[in-house]
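Me: I'm new to reading protein models, and I'd like to go through one step by step. Could you help me with some questions about what I see here?

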Amino acid sequence: MLKHIRACTVAEAHRVREESSWDMTVDELKAFISLIYIRGAQGGKGLDLASFWSADWGCAFFKDTMSRNRFQEILRFLRFDKKETRRTRLQENKFSLVSEVWERFVQNCITCYKPGADITVDEQLFPTKARCSFIQYIASKPDKFGIKFWLAADVDTKYMLNAAPYLGKDETLDNFFTSLELAKALKAQKTSLVGTVNKSRRELPPSVKEQRALHTTEVLKCDSATLTVYQCKPRKNVSILSTDHTTVNITSGRKAKLLHTRLLHTTTEPRLE
């Protein structure tokens with residue numbers, strides 16, 4: 001990964017400067033990345049870059065690692081792909097400006113870690129000021145604009161196992177969401193699934209869309225899959241599909257919240273409540 005970034009950065013410097021004397025080693029790139037980390041760790045998001053080399057406000061680590069001018073020079077030329085082939089690659093892959101580095105990073109994550117039994121998949125918005133066609137706006141996030149990724153992570157350690165950027169609507173969109181078809185396919189591979197289901201799915205019975213009394217629960221069954229519908233708000237219910245549970249217990253509290261029971265613990269058929 002670092003060798004690729006170094007080669008792309010040097011190539012960009014040669015293109016901009018129109019001569020080939022500029023160079024950078026992999027060790028120097030590592031030093032540059034370390035300064036990026038330290039800047040973030042010290043809460044330097046709103047602090048002027050030059051201040052980190054200041055005699056009054058700066059950090060000695062910065063001055064001891066490299067000069068401010070050299071840091072700014074590397075930052076100016078830093079690239080993750082080579083511009084001469086970019087136009088062709090963009091026609092096939094919107095993420096091509098960084099896709100080679102990203103794919104190697106994901107492969108390293110997969111190779112270097114053996115996950116536990118429980119894996120979760122969800123979206124995460126990474127804030128950015130870059131201009132691209134797949135920037136997303138999500139009002140509920142602290143940073144409203146950014147690039148959305150689908151992440152698979154180990155539930156216990158929070159380690160990222162796999163990830164893919166969301167580049168806009170395409171024919172693979174439904175693969176990211178819970179469905180009965182996906183649940184059955186995973187079950188055939190001896191893998192359980194637990195997740196919320198979009199009520200617009202055609203496979204769900206009409207009763208799922210009906211409004212119920214507040215904090216009531218309905219449990220439905222299809223082969224090895226259990227669908228739990230909980231009326232959490234007056235005009236909103238949540239549907240949870242699971243192939244890892246067969247029964248649903250309900251707490252005695254005011255909101256009558258759900259407590260799923262794993263297949264390992266019971267073989268009782270679910271009932272309608």
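Reply: Gladly! Let's begin with a term: a residue is called buried when its relative accessible area is under 20%, exposed when that area is over 50%, and partly exposed in between. Keep in mind as well that this is a predicted model.

Me: Thanks! Are Glu218 and Arg212 buried or exposed?
Reply: These two residues form a salt bridge, and the closest N and O atoms of Glu218 and Arg212 are 2.5 Å apart. As for their accessibility, both Glu218 and Arg212 are buried.

Me: How many salt bridges does the model have by this rule?
Reply: The rule asks for a side-chain nitrogen of Lys or Arg within 4 Å of a carboxyl oxygen of Asp or Glu. Glu218 and Arg212 meet it at 2.5 Å. Counted this way, the total is 13 salt bridges.

Me: Which residues do salt bridges with shared partners join into one network?
Reply: One link is the salt bridge between Glu73 and Arg70, at 2.9 Å from N to O. These two sit three residues apart in helix H4 (residues 68-77), which means that about one helical turn separates them. Through shared partners, the network joins Arg17, Glu19, Glu28, Arg70 and Glu73.

Me: Is Glu73 buried or partly exposed?
Reply: Its partner Arg70 has a relative accessible area of 18%, so Arg70 is buried. Glu73 has 25% relative accessibility, and buried needs a value under 20%. Glu73 is therefore partly exposed.

Me: How many residues apart are Lys184 and Asp223?
Reply: Lys184 and Asp223 form a salt bridge whose closest N and O atoms are 3.6 Å apart. This pair links distant parts of the chain, with Lys184 in helix H7 (residues 180-188) and Asp223 in the loop between strand S6 (217-222) and strand S7 (225-233). Lys184 is partly exposed at 41%, while Asp223 is exposed at 57%. Along the chain, their separation is 39 residues.

Me: How many disulfides are there by the rule for them?
Reply: A disulfide is a covalent bond between the sulfur atoms of two cysteines. Here the sulfur of Cys109 is 7.5 Å from the closest cysteine sulfur, in Cys112, and the cut-off is 2.5 Å, so these two are too far apart for a bond. The count of disulfides is zero.

Me: Which helices do the buried residues of H1 pack against?
Reply: Helix H1 (residues 2-17) has 16 residues and reaches 22 Å from its first C-alpha to its last, close to the 22 Å expected. Its buried residues are His4, Ile5, Cys8, Thr9, Val10, Glu12 and Ala13. They pack against helix H2 (26-41), H4 and helix H6 (99-111).

Me: Which strands stand at the edges of the open sheet?
Reply: Strands of a sheet pair through backbone hydrogen bonds, either parallel or antiparallel. In this model four strands form the open sheet in the order S5-S8-S7-S6, with antiparallel pairing. Two of them have a single partner strand each, so one side of each is left without a neighbour in the sheet. Those edge strands are S5 (194-196) and S6.

Me: What is the bridge partner of Gly195 in S8?
Reply: S5 and strand S8 (residues 236-242) run antiparallel and are joined by three bridges. In S8, the residue bridged to Gly195 is Leu241.

Notes. Residues are numbered from 1 along each chain as its sequence is written. This is a predicted model: local features need pLDDT of at least 70, side-chain atom pairs count only at pLDDT 80 or more; totals for chains, interfaces and linings use all residues. Side-chain values use heavy atoms; hydrogens and water are left out. Buried means under 20% relative accessible area, exposed over 50%, partly exposed in between (1.4 Å probe, protein chains only). The expected span of a helix is 1.5 Å times one less than its number of residues. Contact means heavy atoms within 4.5 Å. Two strands pair if DSSP finds at least two bridges between them.
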